[in-house]
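Trainee: I have a model to read and would like a method. Please take me through it feature by feature.

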Amino acid sequence: YSSIGDYYADRSKWVEAKDFYAKAQNGGKLVEAYYILEDYTALSELAGSLNEGDPLLMNIGNKFSTVGLCENAVDAYVKAGDVKAAVDCCVLLNFWSLAVDLATQHNFQQIEGLLAKYASHLLEKDKKIEAVQLYRKANRHTEAAKLLSQIAQGIKGGVQKHPLRLKKLYLLSALEVESFKTKTLDMSALQGGTKGTMGTQATLTSLITQDQSVASDKALSSPWRGAEALHLYLLAQRQLSERQFDAAMKTAIRLGDYEDIVDTETIFSLVALTAYHNKYYQQCSKAFIKLEHSESIPAAQREKYGDLALSIFVMNPPRDPSRLMKTCQSCQASLHDWQIQCHSCYRRLEFCVVTGRSIFPDKSKGGVPSQTAQDEVIMGCKTCRHKMYQQEARRSRHCPLCHSRLVFR
């Protein structure tokens, strides 16, 4: 039968040749006949009927690869026991996702290089979100965080047009950094144990390694700044629209600490507006001074701010109303409740992510919350570790910053 099949093959009568090769069970010649006839369904069925490790499977895989049938080729290569050939086929035909899946499933040693190539391929095509998904799938948390931060910085229109989208991107970036930190500490616990000197040494080593890993990139060393800035901006806008002018002013003043995330004009125009409505004309005046002297604002716009400031302060002297003072927990200096830093010891005050106002905990001896000021009790989110007044947080079951479920005592 093989000789008869050869007779027809020499005369390019492959349909007849195929039948005789099948009768002769001549696999090699049958593969060639199916390939020339472009009968890839029959070729796939033939591959399925062969035993694992059959040398003929490599030939079938090569045939599928030459015509771009990547998945069929991969099935043949994997059944033949050559995962590297399957991965190489995926890379050659640009089936990167399949290549990564294969490398992960079969513990392919060159997966790091493969991921780098795939990421470069996606970034060249401006598919940044797909690249982020790839990094997350491969547990490359720091690369995912950097890319998410870059996407946020590159959004056209910025804070003015897409504040919520920006917050989501910065939040996802911060959560990836937290995942990286958790993974690093968990690995150290497994390697060094949890008791005694070895466990302590392993934890210290992991912390040092972690610090070195994130220190070179701002998005990693201060992962929550972006999410904090956009959260405060959105919170101030909501408070302003709800006519909570005092709360909006405090939140906007806090936002002034994030000029590296939100542009100067957006921040201080919001401070000026909220302070004006709250009748804190000294704070309003300081915001206008910042707007009039900022080099990032066009000269014509700065002149308009100057004219507007003049029309406001002719009628309203730049003075703030008097009100009760708070106490710095470090040096006992008296502070205004809108301040974000102690003017005496320069301690940065933490803020409540629910209201935006600075936190002044009212504590008695031993650090126990006072029974007469239950609304001043402080609690923290277990995910982002930001603080909030417990009385304010009870209005919601989730952290306003990272949206994780809150646990109340």
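Mentor: Start with confidence: pLDDT is the predictor's confidence in each residue, from 0 to 100. The mean pLDDT of this chain is 83, and 87% of its residues reach 70 or more. Over residues 364–372 the pLDDT is below 50. Count a contact when heavy atoms are within 4.5 Å; beyond near neighbours in sequence, that stretch has four contacts in the model.

Trainee: What ground rules apply?

Mentor: This is a predicted model, where local features need pLDDT of at least 70, side-chain atom pairs count only at pLDDT 80 or more, and totals for chains, interfaces and linings use all residues. Residues are numbered from 1 along each chain as its sequence is written, and side-chain values use heavy atoms, with hydrogens and water left out.

Trainee: How many helices and strands does the chain have?

Mentor: Helices (H or I, at least four residues) and strands (E, at least two) are DSSP runs, numbered from the N terminus. The chain has 21 helices and four strands. Among contacts between residues at least 6 apart in sequence, 46% join residues at least 24 apart.

Trainee: How do I read burial?

Mentor: Buried means under 20% relative accessible area, exposed over 50%, partly exposed in between (1.4 Å probe, protein chains only). Buried residues make up 43% of the 409 residues here. Take helix α2, residues 14–24: its buried residues are W14, A17, K18, F20 and Y21. They pack against α1 (2–10) and α3.

Trainee: Which residue just after α2 has a positive phi?

Mentor: First the general idea: most residues other than glycine have a negative phi. Q25, just after α2, takes a positive phi of about 55°. E38 is not a glycine either, yet its phi is positive, about 60°. E38 sits in the loop between α3 (27–37) and α4 (40–49). At 57% relative accessibility, E38 counts as exposed. R385 has a positive phi near 65°, in the loop between β3 (378–380) and β4 (387–389).

Trainee: How many disulfides are there?

Mentor: A disulfide is a covalent bond between the sulfur atoms of two cysteines. The rule asks for a pair of cysteine sulfur atoms within 2.5 Å. By this rule the count is zero. C89 is in no disulfide; its nearest cysteine sulfur, that of C70, is 4.3 Å away. C89 is buried, at 4% relative accessibility.

Trainee: Why is C402 not bonded to C381?

Mentor: Because the two sulfurs are 3.5 Å apart, too far for a bond. C402 is buried, with a relative accessible area of 7%.

Trainee: Where is C328, and which residues does it contact?

Mentor: C328 lies in the loop between β1 and β2 (334–335). It is buried, at 1% relative accessible area. Leaving aside neighbours within four places in sequence, C328 is in contact with A333, L335, C342, C345 and R347. C328 and C342 are 14 residues apart along the chain, with their C-alpha atoms separated by 6.7 Å.

Trainee: And the surface?

Mentor: Accessible areas come from the Shrake-Rupley method with a 1.4 Å probe; for residues, only the protein chains shown count as cover. The chain exposes about 22800 Å², and carbon and sulfur atoms supply 50% of it.

Trainee: Where is M315, and is it buried or exposed?

Mentor: M315 is in the loop between α20 (299–313) and β1 (326–327). At 65% relative accessibility, M315 counts as exposed.
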